[in-house]
Amino acid sequence: MENKYSPEIRFNEFSGDWKKRRLSDVLIEHKELTKGDKYPIATSSRKGLFLQSDYFDGGRSGIDETLIFSLVPLNYITYRHMSDDSSFRFNKNIMGTPILVSKEYPVFTTNEEANDEFILKHLNYSNKFSNFSHMQKKGGTRVRLYYKVLQSYELFLPSVE
């Protein structure tokens, strides 16, 4: 695979080649953990991010607010790292407040070299990433997409400008 790509269909105001990049070059992992009593607890699902109180119709039994959760700051992205069918959904926190998710869920944002919305759309809707995630099945019934593996994924990115 070449290191440069130029889309066939372009808007007039855009030019320049897209460059092949690893996600490890443009993602910044956020590893802040906190107790469950500071911010709302959410779940990352295929339909988006939902507060557990809404997703589980009034609350989820057994949630101990003294447990440790991953903090998802505003505009950061998270995902459930396990799937029954190799499909993963990446969700951006646009809830108006930091939220908490399972400490098993990776949390990240992008650096200044990538647009987070571009990355988000690619991960959620491209056939290329879907094929990559299906290749992660190593046996058993569940597929895991660990953050380290996600970072190894390569895609073509336009310049932020």
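Let's start at Ser53, which sits in helix H2 (residues 52-55). This is a predicted model, so keep that in mind as we go. With a relative accessibility of 38%, Ser53 counts as partly exposed, because that value falls between the 20% limit for buried and the 50% limit for exposed. Look across from Ser53 to Pro40: the two are 13 residues apart in sequence, and their C-alpha atoms are 8.8 Å apart in space.

Now step back for the overall picture. The protein has five helices and 14 strands. Of its 161 residues, 39% are buried. The accessible surface comes to about 10000 Å², and carbon and sulfur atoms account for 48% of that. As for how the chain meets itself, take the contacts with a separation of 6 or more: 74% of them are between residues 24 or more positions apart.

Strand S7 (residues 68-72) is a good place to go next. S7 is mostly covered, with four of its five residues buried. What does S7 pair with? One partner is strand S4 (residues 33-35), which runs antiparallel to S7 and is joined to it by three bridges. Within that pairing, Lys35 has Ile68 of S7 as its bridge partner. Another partner is strand S11 (residues 99-101), again antiparallel to S7 and again joined by three bridges. Here Ser70 is matched with Val101 in S11. While you're looking at these strands, a general point may help: side chains in a regular strand alternate between the two faces of the sheet.

On to the aromatics. The protein has nine aromatic pairs. Take Tyr79 and Phe90: their ring centres are 4.6 Å apart and their planes meet at 40 degrees, so this pair is tilted. The pair links distant parts of the chain, since Tyr79 belongs to strand S8 (residues 77-79) and Phe90 to strand S10 (residues 90-92), eleven residues apart. Are these two buried or exposed? Both Tyr79 and Phe90 are buried.

Tyr79 has another ring to deal with. Its centre is 6.4 Å from that of Phe108, and with the planes at 70 degrees the pair is edge-to-face, because that angle is over 60 degrees. Tyr79 is in strand S8 and Phe108 in strand S12 (residues 107-110), so this pair ties together parts that are 29 residues apart in sequence. Both Tyr79 and Phe108 are buried.

Which residues share a cluster with Tyr79? Phe90, Phe108, Phe129, Phe132, Tyr147 and Tyr153 join Tyr79 in one aromatic cluster.

Technical notes
Residues are numbered from 1 along each chain as its sequence is written. This is a predicted model: local features need pLDDT of at least 70, side-chain atom pairs count only at pLDDT 80 or more; totals for chains, interfaces and linings use all residues. Side-chain values use heavy atoms; hydrogens and water are left out. Helices (H or I, at least four residues) and strands (E, at least two) are DSSP runs, numbered from the N terminus. Buried means under 20% relative accessible area, exposed over 50%, partly exposed in between (1.4 Å probe, protein chains only). Contact means heavy atoms within 4.5 Å. Accessible areas come from the Shrake-Rupley method with a 1.4 Å probe; for residues, only the protein chains shown count as cover. Rings of Phe, Tyr and Trp (its six-membered ring) pair if their centres lie within 6.5 Å; planes under 30 degrees apart count as stacked, over 60 as edge-to-face and the rest as tilted. Two strands pair if DSSP finds at least two bridges between them.
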